[in-house]
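Work through the exercises below with the sequence and the model side by side, and try each task before you read its solution.

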Amino acid sequence: LLLTGERGSGRQMMAWYVHQRQSGPEAPFVVVEGRRFDQQWKDLISEPAGQDESVHNANLFDIAEEGTLFIREINWLSPQTQLQLARSIDFKNSKCFVIGSLNLEQDDQDRSIIPELRQCFVHSYEISPLRKRKRDIPILAQGFLEKLAQKNGRKVPTLNQEATQLLLSHHYRQGNVSELIQVIERAFHIADQDEIGLEQIFFG
């Protein structure tokens, strides 16, 4: 699966959701950064030609076995590493589910995915920026509050109408979902009641 979208639009959240539905929350969910892949992970995706099957060499696919391998900014891999990864995915396609992430912003447009690797991703899905799907904001915000409350052992606060309208009126650009998460986390820790209002919502 190849997920595309702007930076902070929620690609990793979507990958985690797919992982939970497909493999379950207890299965390994391995996240690696494409920008540092060549330096840190390149040697863990190769499959030496003619290797004796009785010899076991640990690699990324073993680490994520029966789970998901999520590669952020996969277009930052060098063309040589992309080709190596494509061959490894083809060789080990039953080990784990591989999800790639592609940034659609202008500064990443010069970096592309080679055809051999793109063919490995049968399905692709573009995640729209938060400013283009504002009807999701109240649902996402309440979901973040529920997770924060569970983590901190508190009752789940609710957003009042004024706070919800303020969240809906904001033009999310940098960060998208990441920006919303920061706003909600700040409001959660500031609020001393079960309701979050205008006075707890801050941007920037």
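Helices, of at least four residues, and strands, of at least two, are DSSP runs numbered from the N terminus. With these names, Glu-66 can be placed in the loop between α3 and β3. Keep in mind throughout that this is a predicted model.

**Exercise 1. Describe the open sheet and its edges.**

Step 1. Begin with the whole protein chain, which has eight helices and seven strands.

Step 2. Five strands form an open sheet in the order β2-β3-β4-β1-β5, and the pairing is parallel. Because β2 and β5 (124–127) each have a single partner strand, they stand at the edges, and one side of each is left without a neighbour in the sheet. On average, neighbouring strands of this sheet are turned by 20° against each other, direction ignored.

Step 3. Now look at two of the pairs in detail. Strand β2 (residues 29–33) and strand β3 (residues 68–72) pair in the parallel sense over five bridges, and Phe-29 stands opposite Thr-68 in β3. Strand β1 (residues 2–5) is joined to β4 by four bridges, again in parallel, with Ser-101 of β4 as the bridge partner of Leu-3.

Step 4. Finally, add a helix to the picture: helix α1 (residues 11–22) lies across β1, β2, β3, β4 and β5, and it runs at about 165° to β4.

**Exercise 2. Sort the residues of β2 by face.**

Step 1. Recall that in a regular strand the side chains alternate between the two faces of the sheet.

Step 2. In β2, Val-30 and Val-32 belong to the covered face, whereas Phe-29, Val-31 and Glu-33 belong to the uncovered one.

**Exercise 3. Compare two residues with positive phi: which is buried and which is exposed?**

Step 1. Phi of Glu-66 is near 65°, a positive value in a residue other than glycine, and phi of Glu-73, also a residue other than glycine, is positive too, near 50°. Glu-73 lies in the loop between β3 and α4.

Step 2. Apply the cut-offs, by which buried means under 20% relative accessible area and exposed means over 50%. Glu-66 has 64% relative accessibility and therefore counts as exposed. Glu-73 has a relative accessible area of 5%, so Glu-73 is buried.

**Exercise 4. Explore the largest nonpolar core.**

Step 1. This core has 22 residues, and those that touch the most other members are Phe-61, Leu-69, Ile-71, Ile-74, Leu-85, Val-98 and Leu-117.

Step 2. The elements that give two or more residues to the core are β2, α3 (60–63), β3, α4 (79–91) and β4 (97–103), and the largest share, three residues, comes from α4.

Step 3. Take Ile-74 as an example: leaving aside residues up to four places away in sequence, Ile-74 touches Leu-2, Gln-82, Leu-85, Gly-100, Ser-101, Ile-113, Leu-117 and Phe-121. Apart from this core lies another, of 21 residues, among them Ile-137, Leu-140, Ala-163 and Tyr-172.

**Exercise 5. Describe how helices α6 and α7 meet.**

Step 1. The axes of helix α6 (residues 137–152) and helix α7 (residues 161–169) come within 10 Å and cross at roughly 120°, and this crossing is right-handed.

Step 2. On the side of α6 the contact is made by Ile-137, Pro-138 and Ala-141, and on the side of α7 by Thr-164, Leu-167 and Leu-168. Sorted by class, the contact has five nonpolar residues, one polar residue and no charged residues.

Key:
Residues are numbered from 1 along each chain as its sequence is written. This is a predicted model: local features need pLDDT of at least 70, side-chain atom pairs count only at pLDDT 80 or more; totals for chains, interfaces and linings use all residues. Side-chain values use heavy atoms; hydrogens and water are left out. Axes are lines fitted to C-alpha atoms, for helices over the stretch in contact, and angles run from 0 to 180 degrees between N-to-C directions. A crossing is left-handed if the near helix is turned anticlockwise from the far one by less than a right angle, and right-handed if clockwise. Contact means heavy atoms within 4.5 Å. Ala, Val, Leu, Ile, Met, Phe, Trp, Tyr, Cys and Pro count as nonpolar, Asp, Glu, Lys and Arg as charged, and the others, Gly among them, as polar. Buried means under 20% relative accessible area, exposed over 50%, partly exposed in between (1.4 Å probe, protein chains only). Two strands pair if DSSP finds at least two bridges between them. A nonpolar core is a set of buried Ala, Val, Leu, Ile, Met, Phe, Trp, Tyr and Cys residues joined through side-chain atoms within 4.5 Å.
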